Amino acid sequence: MAARRPDPRFFDALAPATLAELAALTGATLAPGADPTREAHGVAVLGRAGAGAVTFLADPKLAFAEHEAPGACFVRWADAARLPPGCAALLMDAPQAGYALAAVRLHAPRRHPAGSAAIHPEAELEDGVVLAPGVTIGPGAQIGRGTSVGAGAVIGPGVAIGRDCLVGPNAVIGFALIGDRVRVDAGAVVGEAGFGATAGPRGVIDIPQLGRAILQDGVTVGANSCIDRGAYDDTVVGENTKIDNLVQVAHNVVIGRNCLLAAFTGISGSTTVGDGCMFGGRAGVADHITIGAGARIAAAAGVLKDVPAGETWGGLPARPLKRWLREAAWMARHSRRGPEGEARS
């Protein structure tokens with residue numbers, strides 16, 4: 001199976017590295033019998049790795065797919081026997097750190113070259129694009145007809161923005177694919193690196209974020225909101241979803257169509273939100289949660305487990321609305337009673 005590589009519009013593939021080089025770089029031990037001259041051309045997560053890729057196995061509950069045969073894998077000593085035939089083991093106590101260091105060695109985010117024009121000559125702008133003063137557009141970026149870009153906005157290399165969009169002043173868009181009729185308000189950031197860190201050999205290190213941010217047609221992103229690109233897969237916001245100011249959408253989140261997210265909402269990584277969901281202000285959702293289609297999350301709720309489709313939840317931890325209100329009423333009544341049960345004035 002061929003490995004899926006990071007999108008070349010946003011990431012440059014660096015020279016391949018031998019397993020011996022990766023072992024030296026990360027402090028891993030190459031398993032006996034492995035070919036130290038075998039080359040890795042990129043990193044990939046489980047389920048995406050092919051013969052030319054190096055991956056990692058940190059959770060012993062995960063398993064390799066039957067068709068998956070990575071070239072090499074960072075793995076703990078105790079889990080080495082779980083690797084598929086032909087996969088070389090890079091043995092270390094912190095496999096995810098090995099993956100992170102290998103990713104930095106094998107992939108580099110594309111940057112706007114120093115000294116080049118603010119509007120890079122390799123950028124492609126259709127007729128009718130309006131640029132305010134101070135706009136920066138990187139190489140390979142594409143902007144569609146009728147789109148307006150506000151003063152001081154930065155559009156990174158390879159970004160694609162559709163037609164009839166509005167990018168507000170000082171907005172920053174990178175590593176992103178954006179549809180038509182999308183509005184990104186002032187100061188919003190789309191496609192920045194998501195929060196990923198792990199313990200490395202010399203302390204905590206960042207995990208490179210190699211995915212993209214995808215905003216479908218008709219999306220609105222409010223002022224100073226942040227939508228992170230994926231760690232390896234994509235962060236996706238579905239058609240006609242409206243995001244208020246000061247909202248955080250973390251890496252690998254998938255939000256459906258026609259959703260509403262009020263200010264200060266925070267959606268943690270790898271959460272899936274169905275179509276037509278609504279989030280009140282300051283709602284928070286833990287990572288790897290599924291919110292069913294049409295669900296409603298009350299303001300200031302803290303969601304720690306999956307929410308079924310069509311239900312309304314509130315409170316912290318969030319639970320079905322009627323239950324939350326009953327419990328709140330019970331606590332209010334009993335907080336007014338003395339030690340013997342008599343009502344207080």
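1. Let's start with the charged pairs: this structure holds 10 salt bridges. The term here means a side-chain nitrogen of Lys or Arg within 4 Å of a carboxyl oxygen of Asp or Glu. Keep in mind that you are looking at a predicted model, where local features need pLDDT of at least 70, side-chain atom pairs count only at pLDDT 80 or more, and totals for chains, interfaces and linings use all residues. Residues are numbered from 1 along each chain as its sequence is written, and side-chain values use heavy atoms, with hydrogens and water left out.

2. Have a look at Arg 212 and Asp 7, whose side chains meet in a salt bridge at 2.9 Å, N to O. Arg 212 sits in the loop between strand E23 (203-206) and strand E24 (213-215), while Asp 7 is in the segment before strand E1 (11-13), so this pair ties together parts that are 205 residues apart in sequence. (Helices, H or I, of at least four residues and strands, E, of at least two are DSSP runs, numbered from the N terminus.) Are Arg 212 and Asp 7 buried or exposed? Both are buried; that means under 20% relative accessible area, with exposed being over 50% and partly exposed in between (1.4 Å probe, protein chains only).

3. That pair has company: Asp 7, Arg 9, Arg 212 and Asp 234 are linked in a network of salt bridges.

4. Next, try Arg 163 and Glu 126, a salt bridge with its closest N and O atoms 2.8 Å apart. Arg 163 is in the loop between strand E16 (160-161) and strand E17 (166-167), and Glu 126 is in the loop between strand E10 (124-125) and strand E11 (130-131), so the two tie together parts 37 residues apart in sequence. Arg 163 is partly exposed at 33% relative accessibility, and Glu 126 is partly exposed too, at 34%.

5. Glu 327 and Arg 319 make another salt bridge, with 2.7 Å between the closest N and O atoms. Here Glu 327 is partly exposed, at 29% relative accessibility, whereas Arg 319 is buried, at 14%.

6. Now for the strands. Nine of them form an open sheet with parallel pairing, in the order E12-E15-E18-E21-E26-E29-E32-E35-E38. Two strands pair if DSSP finds at least two bridges between them. Which are the edge strands? They are strand E12 (136-137) and strand E38 (302-303), each pairing on one side only.

7. To see one pairing up close, find strand E15 (residues 154-155) and strand E18 (residues 172-173), which run parallel and are joined by two bridges. Ile 155 has Ile 173 in E18 as its bridge partner.
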